[in-house]
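Trainee: Please take me closely through one part of this model, the packing of one pair of its elements. I should also like to see how that part sits within the whole chain.

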Amino acid sequence: FYKKIHDDFVNTMKKGEALDMITEAIYLEDITRIHSRKEFSDIKYFLPTAMCIPGIDSLFISSGGVFHICEKLDSSLKIGDLNSGLDIDTLCEILMRWYKKQYDSCIQCWAMNFCSLCLAHMKNLDFKSFDVTPICQNMKSEVLSDMITYCTIRETNDKAFDSVVFI
C-alpha cells in the first residue's frame with residue numbers, strides 16, 4: 001500500500017499533474033523542505049534541527065489559560081498564561097538546555113537542515129537521560145529516502161516543484 005502511494009506521488013510529480021489531497025499531505029511537506037532549503041551562506045542564525053520554536057511557532061493553551069510548549073508534551077511545564085503572557089526566561093532556559101545538549105551532534109550532521117527532532121521527542125524534559133541516537137538514525141533514514149525521491153522526480157521533471165507554495 002505504502003509503495004503504491006509513493007509510486008503514484010513520484011509519477012504524478014514527474015508528469016507535473018495535481019496531487020490528490022491524501023498524497024499531498026503524506027509527501028509534499030517533507031519533499032518541498034528539500035527543494036526550498038537554504039544554503040549555509042544564506043543562514044544568519046543557526047538553530048540545530050528545523051524544529052518549531054516554542055511560544056513562537058507553537059503554543060498550547062490549556063482550558064485554564066496556562067501556556068505550554070506544545071500539545072505533544074505533558075502539561076507539567078508552564079511557560080506563561082493569558083494574564084501575564086509568555087515567561088520568556090523559562091522559555092529561553094528550556095531552549096538553551098535543548099540546544100546545548102544537541103549542538104555538538106547536530107552541527108556535524110549532514111541532515112541537520114531537514115531534521116524535525118524536537119522537544120516533543122523527549123516525552124518529558126529530562127535533558128540528562130535523553131538519548132537522541134535512535135531518533136536521529138530514523139530521521140536520517142527518512143531524509144535520505146526523501147532526497148532519493150526528490151532527485152528521482154527532478155531527473156524527469158526539473159520544474160516539478162516550481163508551482164508548490166512554500167510556507
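Mentor: The chain exposes about 11,100 Å², and carbon and sulfur atoms supply 54% of that area. The model is a predicted one. Of its 167 residues, 37% count as buried. Four helices and four strands make up the secondary structure, and from the N terminus the order is α-α-β-β-β-β-α-α. Among the contacts between residues at least 6 apart in sequence, 57% join residues that are at least 24 apart.

The part I propose to examine is the pairing of α2 with α4. Two packed helices are described by the angle between their axes and by the distance between those axes. Here, helix α2 spans residues 21-35, and its axis comes within 9 Å of that of α4, with a crossing of roughly 75°. An angle of 65 to 115 degrees counts as roughly perpendicular, and α2 and α4 are therefore roughly perpendicular to each other.

Which residues meet there? From α2 come D30, I31, I34 and H35. On the α4 side, the partners are V143, D146, M147, T149, Y150 and R154. By class, this contact of α2 with α4 has five nonpolar, two polar and three charged residues.

A residue of α1 touches one member of this contact. H6 has its place in helix α1, residues 2-15. Leaving aside neighbours within four places in sequence, H6 is in contact with Y27 and T149, and T149 is among the α4 residues that meet α2. Is H6 buried or exposed? The relative accessible area of H6 is 18%; the limit for buried is under 20%, so H6 counts as buried.

I22, by contrast, illustrates a solvent-facing position. It too is in helix α2, yet I22 is exposed, with a relative accessible area of 58%. Its C-alpha atom is separated by 9.2 Å from that of I5, which is 17 residues away along the chain. G16 has its place in the loop between α1 and α2 and counts as exposed at 54% relative accessibility. The C-alpha atoms of G16 and D162 are 9.9 Å apart, although 146 residues separate the two along the chain.

The interior gives this pairing its wider setting. The largest nonpolar core has 20 residues, and M51, I69, I79, W98, L117 and L119 touch the most other members. Both α3 (88-106) and α4 (133-156) supply at least two residues of this core, and α3 provides the largest share, five residues. Not counting residues up to four places away in sequence, I79 touches L59, F67, H68, I69, G85, L86, D87, T90, L91 and I94. A second, separate core of 17 residues includes Y27, I31, F114 and I153. Two of these names have already appeared: I31 is one of the α2 residues that meet α4, and Y27 is a contact of H6.

Finally, α3 also holds a residue with some access to solvent. K101 is found in helix α3 and counts as partly exposed, at 32% relative accessibility. From C-alpha to C-alpha, K101 lies 9.9 Å from D131, with their positions 30 residues apart in sequence.

To return to your request, the part under study is a roughly perpendicular pair, α2 with α4. Its contact includes I31 and T149; I31 belongs to the second core, while T149 is touched by H6.

Notes:
Residues are numbered from 1 along each chain as its sequence is written. This is a predicted model: local features need pLDDT of at least 70, side-chain atom pairs count only at pLDDT 80 or more; totals for chains, interfaces and linings use all residues. Side-chain values use heavy atoms; hydrogens and water are left out. Buried means under 20% relative accessible area, exposed over 50%, partly exposed in between (1.4 Å probe, protein chains only). Contact means heavy atoms within 4.5 Å. Accessible areas come from the Shrake-Rupley method with a 1.4 Å probe; for residues, only the protein chains shown count as cover. A nonpolar core is a set of buried Ala, Val, Leu, Ile, Met, Phe, Trp, Tyr and Cys residues joined through side-chain atoms within 4.5 Å. Axes are lines fitted to C-alpha atoms, for helices over the stretch in contact, and angles run from 0 to 180 degrees between N-to-C directions. Angles under 35 degrees count as roughly parallel, over 145 as roughly antiparallel, 65 to 115 as roughly perpendicular and the rest as oblique. Ala, Val, Leu, Ile, Met, Phe, Trp, Tyr, Cys and Pro count as nonpolar, Asp, Glu, Lys and Arg as charged, and the others, Gly among them, as polar.
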